[in-house]
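The following exchange examines how structural labels are justified by computed values. Each answer sets a value against the criterion that applies.

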Amino acid sequence: MALTASGASPRSLYDPTDELLADPYEVYARLRETAPVRRIVGPDGRPAWIVTRYEDVRQSLADPRLSLDKSRALPGGYRGFGLPPALDANLLNMDPPDHTRIRRFVARAFTARRIETLRGPVGRTAGELLDALESGGRVSGALESGGRADLIASYAAPLPIVVICELLGVPPRARRDFREWTDALIAPDPARPERMKEAIAGLLAFFTELLAHKRAEPGDDLLSALIAVRDEGEESGRGAEGGGEGGGSGDGGGDRLSEDELMSLAFLILFAGYENTVQLIGNSVLALLQHPEQLAALRAEPDRTAAAVGEFMRYEGPALLAIRRFAVEDLTIGGVTVPAGETVMLSLASANRDPLRFADPDRLDLDRDTAGQVALGYGIHYCLGAPLARLETEIALNALLERFPRLALDVPYEELRWRPSTRARGLAALPVRF
């Protein structure tokens with residue numbers, strides 16, 4: 001086994017947790033140079049392989065020999081959140097053909113045409129949140145007086161909550177701030193392990209009640225449509241045989257959703273649609289405030305924002321790591337053999353800062369060609385909600401910059417707090433003055 005530049009074998013176990021929490025990009029840069037495929041202590045404290053170079057990450061994202069199915073893991077290996085079956089039967093744990101079957105249902109909701117119809121509602125929601133912020137009202141209990149606010153709690157977090165809840169058909173009285181639950185899953189507090197159990201119990205109760213409500217009072221929304229497909233499919237499929245993976249119409253056995261799959265799908269749409277967008281909006285605002293020349297250029301030409309979102313995703317995307325994968329056989333990544341059953345973590349953030357793919361990668365450049373960036377994945381597991389996240393971020397930035405021409409950080413950059421996670425990249429708060 002070859003040694004790295006630091007003299008360590010790629011198989012030796014390295015715990016980068018503290019360094020990653022302090023500065024993930026410095027750690028990734030070092031790993032790309034010295035050990036681009038390295039065995040580490042993973043996010044749950046168990047061994048995993050981390051892959052950091054762009055070409056290796058992109059190829060691995062599309063490699064069918066790397067499975068998302070947790071049954072492929074070695075006994076005692078990485079398991080993730082430990083969700084109950086009603087929330088765990090989702091796309092993040094599936095390979096084809098089940099992944100293909102369920103993704104087909106979601107794809108119908110996230111067409112380009114449907115996403116574009118949300119432009120008006122997203123714009124109105126952004127405007128209402130900014131109205132409340134500007135007038136000195138209180139949004140999510142977070143707004144301070146005197147033209148100061150935590151932009152995460154008062155703007156970046158409530159915006160995607162409203163949008164995703166509208167898409168799913170969650171009635172206003174049932175909406176809540178999901179930040180506490182998502183924090184418990186993405187950035188668990190070691191001193192309060194009970195928070196994760198409480199979050200899972202809360203999510204399960206929420207979606208159980210929500211599905212019961214939508215069955216009793218269906219509406220013109222995505223969740224009602226998915227429930228209809230699931231329930232009608234069950235009725236028509238009771239006497240059917242086969243149906244196969246390619247039925248496509250929801251009337252064959254192969255295209256039916258189980259009850260666990262239905263609830264897990266609703267959970268994933270809300271969880272991922274909320275979590276990724278909060279962080280993308282917050283990180284994008286911070287990047288602009290740290291680069292005043294780029295901020296001025298975007299203010300002068302707001303039509304550039306849609307394209308600029310790709311650079312924000314590359315520069316400071318919402319995910320440090322892709323969802324864990326498991327080698328279904330011994331395979332070679334970047335010249336290193338990963339044994340079957342072992343866990344592989346693909347660093348999206350490192351790939352997007354690889355100088356072999358993006359010149360001067362640590363510089364924010366809104367004119368950069370970001371084709372190929374992997375902030376939200378690649379291949380069959382590419383995030384279906386990416387177009388919606390991009391739309392929300394574009395609208396959120398343009399509305400914010402237009403409303404507040406003197407927007408600035410209210411604390412030194414060094415005092416900002418990042419969420420304590422090696423999986424996700426997001427701010428705990430973004431204090432600004434306007």
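Q: What makes β3 and β5 a pair, and which way do they run?
A: In this predicted model, 2 bridges join β3 to β5, residues 325-327. Two strands pair if DSSP finds at least two bridges between them, so β3 and β5 meet the criterion. They run antiparallel, and Leu66 stands opposite Ala327 in β5.

Q: Where does this pair fit in the open sheet, and what is the order of its strands?
A: The open sheet has 5 strands in the order β1-β2-β8-β5-β3, and its pairing is mixed. The edge strands are β1 (37-41) and β3 (66-67), each of which pairs on one side only.

Q: Why is the pairing in this sheet called mixed?
A: The label of mixed pairing can be set against the individual pairs. β2 and β8 run parallel and are joined by 3 bridges, with Trp49 opposite Val344 in β8. β5 and β8, in contrast, run antiparallel with 2 bridges, and Phe326 stands opposite Thr343 in β8. β1 and β2 also run antiparallel, joined by 5 bridges, with Ile40 opposite Ala48 in β2.

Q: What lies between β1 and β2 in sequence, and which residue of the turn has a positive phi?
A: The two strands form a hairpin with 5 residues between them. Gly45 in the turn has a positive phi of about 90 degrees.

Q: What makes β1 a mostly covered strand?
A: Of its 5 residues, 5 are buried, and buried means under 20% relative accessible area. Val37, Arg39 and Val41 point one way from β1, whereas Arg38 and Ile40 point the other way. A similar description applies to β8: Thr343 and Met345 point one way and Val344 and Leu346 the other way, and all are buried.

Q: Which helix lies across β1, β2, β3, β5 and β8, and at what angle does it run to β8?
A: Helix α3, residues 54-61, lies across these strands. α3 runs at about 120 degrees to β8 (343-346).

Q: Why are α5 and α13 called oblique to each other?
A: The two helices pack at an angle of about 55 degrees, with their axes 12 Å apart. Angles under 35 degrees count as roughly parallel, and 65 to 115 as roughly perpendicular. The angle of about 55 degrees belongs to neither range, and α5 and α13 are therefore oblique. Their crossing is right-handed. The contact is made by Arg101, Ile102, Phe105 and Val106 of α5 and by Glu261, Leu265 and Ile269 of α13.

Q: How many residues does the largest nonpolar core have, and which helix gives the most to it?
A: This core has 89 residues, and those with the most contacts inside it are Tyr155, Phe207, Val285, Phe312 and Leu430. Helix α13 (residues 259-289) gives the most, with 17 residues. Leaving aside neighbours within four places in sequence, Leu430 is in contact with residues including Ala149, Leu151, Ile152, Val285 and Leu409. Apart from the largest core lies another, of 20 residues, among them Ala327, Leu348, Phe358 and Val374.

Q: How do you know that Ala389 is buried?
A: The relative accessible area of Ala389 is 5%. Buried means under 20%, so Ala389 qualifies. Ala389 is found in helix α17 and touches Thr277 and Leu280, not counting residues up to four places away in sequence. Ala389 and Ala272 are 117 residues apart in sequence and 9.8 Å apart in space, C-alpha to C-alpha.

Q: Why is Asp360 called partly exposed?
A: Asp360 has a relative accessible area of 45%. Buried requires under 20% and exposed over 50%; the value for Asp360 lies in between, and the residue is therefore partly exposed. Asp360 lies in the loop between α16 (348-352) and α17 (386-403). Although Asp360 is not a glycine, its phi is positive, at about 45 degrees.

Q: Which value goes with the cis peptide bond from Pro96 to Pro97, and where is Pro97 placed?
A: The bond is cis, with omega near 10 degrees. Pro97 is in the loop between α4 (85-88) and α5 (98-109).

Terms used. Residues numbered from 1 in each chain as written. Predicted model: local features only at pLDDT ≥ 70, side-chain atom pairs only at ≥ 80, totals over all residues. Heavy atoms only, no water. Helix = DSSP H or I, 4+ residues; strand = E, 2+ residues; numbered from the N terminus. Contact = heavy atoms within 4.5 Å. Axes fitted to C-alpha atoms, helices over the stretch in contact; angles between N-to-C directions. Buried < 20%, exposed > 50% of the residue type's maximum accessible area, 1.4 Å probe, protein only. Core = buried A, V, L, I, M, F, W, Y, C linked by side-chain atoms within 4.5 Å. Parallel < 35°, antiparallel > 145°, perpendicular 65-115°, else oblique. Left-handed = near helix turned anticlockwise from the far one by under 90°.
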